[in-house]
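The following report describes a single protein chain, moving from individual side-chain pairs to the organisation of the whole. It is intended to be read alongside the sequence and the coordinates.

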Amino acid sequence: FISQYYFTPIANSASLFFPKNLLEKTKKDTFKWFDTKNEYTYLDNINIKFSPAQQKSYDNIIDSKENKFLLYGITWSGKTEIYIELIKRELSKNKQSLLLIPEIILSNQISQKIKNTFWDDVLIINSTVSPAVRTKYFSDIHQNKAKIIVGTRSALV
């Protein structure tokens, strides 16, 4: 889809989704999937009460047939609570969630709020994550062991 939509070779599109060292190992045929026995657990320890505006936004997202939404609001306006409830909804369906955040500076405060809700088994991916750890995370995500991923745009690479 990305290749066709943006008129770019499929190799360029695929490179957006794999850690660089994984691509190199794949080319050399030296990559082995991690068998980490690491099963992530997610506990929901916070009950969120929505404001009327939050409830309306949440309901609009749930009831819509669209897959694209923009939640617009100033910092601390309650967007993260909506994200948390949407993540809970997807976890109940045994699906994964990727929460992209605009800047690495925001990753600490948003990540902490997500971790406070779902405990420690949340993968945080940004430019400070080493290639080796990123490859392990990729393996865990691919094997559906990791369900919640928070990161900047570099989480896609």
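With a relative accessible area of 24%, K113 counts as partly exposed. The model in which this residue is examined is a predicted one. K113 is engaged in a salt bridge with E81, and the closest N and O atoms of the two side chains lie 2.3 Å apart. This pair links distant parts of the chain: E81 belongs to helix 5 (residues 79–92) and K113 to helix 6 (residues 104–118), with their positions 32 residues apart in sequence. E81 has a relative accessibility of 18% and therefore counts as buried, since the cut-off for burial is under 20%.

## Salt bridges

A search of the whole structure returns four salt bridges. Three of them, including the pair just described, are listed below.

| Pair | Closest N to O distance | Relative accessible area |
|---|---|---|
| E81 and K113 | 2.3 Å | E81 18%, K113 24% |
| K88 and E85 | 2.8 Å | K88 14%, E85 16% |
| E90 and K93 | 3.6 Å | E90 22%, K93 43% |

K88 and E85 both lie in helix 5, and because they are three residues apart, about one helical turn separates them. K88 is buried, at 14% relative accessible area, and E85 is likewise buried, at 16%. The side chains of E90 and K93 also meet in a salt bridge. Here E90 is partly exposed, with a relative accessible area of 22%, and K93 is partly exposed as well, at 43%.

## Helix 5

Several of these residues draw attention to helix 5. Its 14 residues, at 1.5 Å a residue, should span 20 Å, and the separation of its end C-alpha atoms, 20 Å, agrees with that expectation. The buried residues of helix 5 are T80, E81, I82, I84, E85, L86, I87 and K88. The list thus holds charged residues, E81, E85 and K88, together with nonpolar ones such as I82 and I84. After helix 5 comes N94, whose phi is positive, near 60 degrees.

## Nonpolar cores

Which element gives the largest share of the largest nonpolar core? The core itself has 18 residues, and those with the most contacts inside it are I82, L99, I114, F118, V122, I148 and V150. Two or more residues are supplied by each of helix 4 (52–63), helix 5, helix 6 and strand 3 (148–151). The largest share, four residues, comes from helix 5.

I114 illustrates how parts of the chain meet. Leaving aside residues up to four places away in sequence, I114 touches T80, I84, I87, L99, W119, V122, I148 and V150. Another core, of seven residues, lies apart from the largest one; L123, I125, V129 and I149 are among its members.

## A nonpolar patch on the surface

Nonpolar side chains also appear on the surface. L16, F17, L98, L100 and L156 form a patch there, with about 400 Å² of accessible area together. Two of its members can be placed as follows. L100 is located in strand 1 (residues 97–100) and, at 41% relative accessibility, counts as partly exposed. L156 belongs to the segment after strand 3 and is partly exposed too, with a relative accessible area of 31%.

What does L156 touch, not counting residues up to four places away in sequence? Its contacts are L16, F17, F18, L98 and L100. L156 and L98 are 58 residues apart in sequence, while their C-alpha atoms are 9.4 Å apart in space.

## The chain as a whole

The secondary structure comprises seven helices and three strands. Read from the N terminus, the order of elements is α-α-α-α-α-β-α-β-α-β. Of the 157 residues in the chain, 34% are buried. The accessible surface comes to about 10,800 Å², and carbon and sulfur atoms account for 56% of that area.

Links between distant positions are also reflected in the contact statistics. Among contacts between residues at least 6 apart in sequence, 74% join residues at least 24 apart. The salt bridge between E81 and K113, whose partners are 32 residues apart, is one link between distant parts of the chain.

Notes. Residues numbered from 1 in each chain as written. Predicted model: local features only at pLDDT ≥ 70, side-chain atom pairs only at ≥ 80, totals over all residues. Heavy atoms only, no water. Patch = residues over 30% accessible without salt bridge, like charges linked within 9 Å, V, L, I, M, F, W, Y side chains within 5 Å. Areas by Shrake-Rupley, 256 points an atom, 1.4 Å probe, with all protein chains shown as cover. Buried < 20%, exposed > 50% of the residue type's maximum accessible area, 1.4 Å probe, protein only. Core = buried A, V, L, I, M, F, W, Y, C linked by side-chain atoms within 4.5 Å. Contact = heavy atoms within 4.5 Å. Expected span 1.5 Å × (residues − 1).
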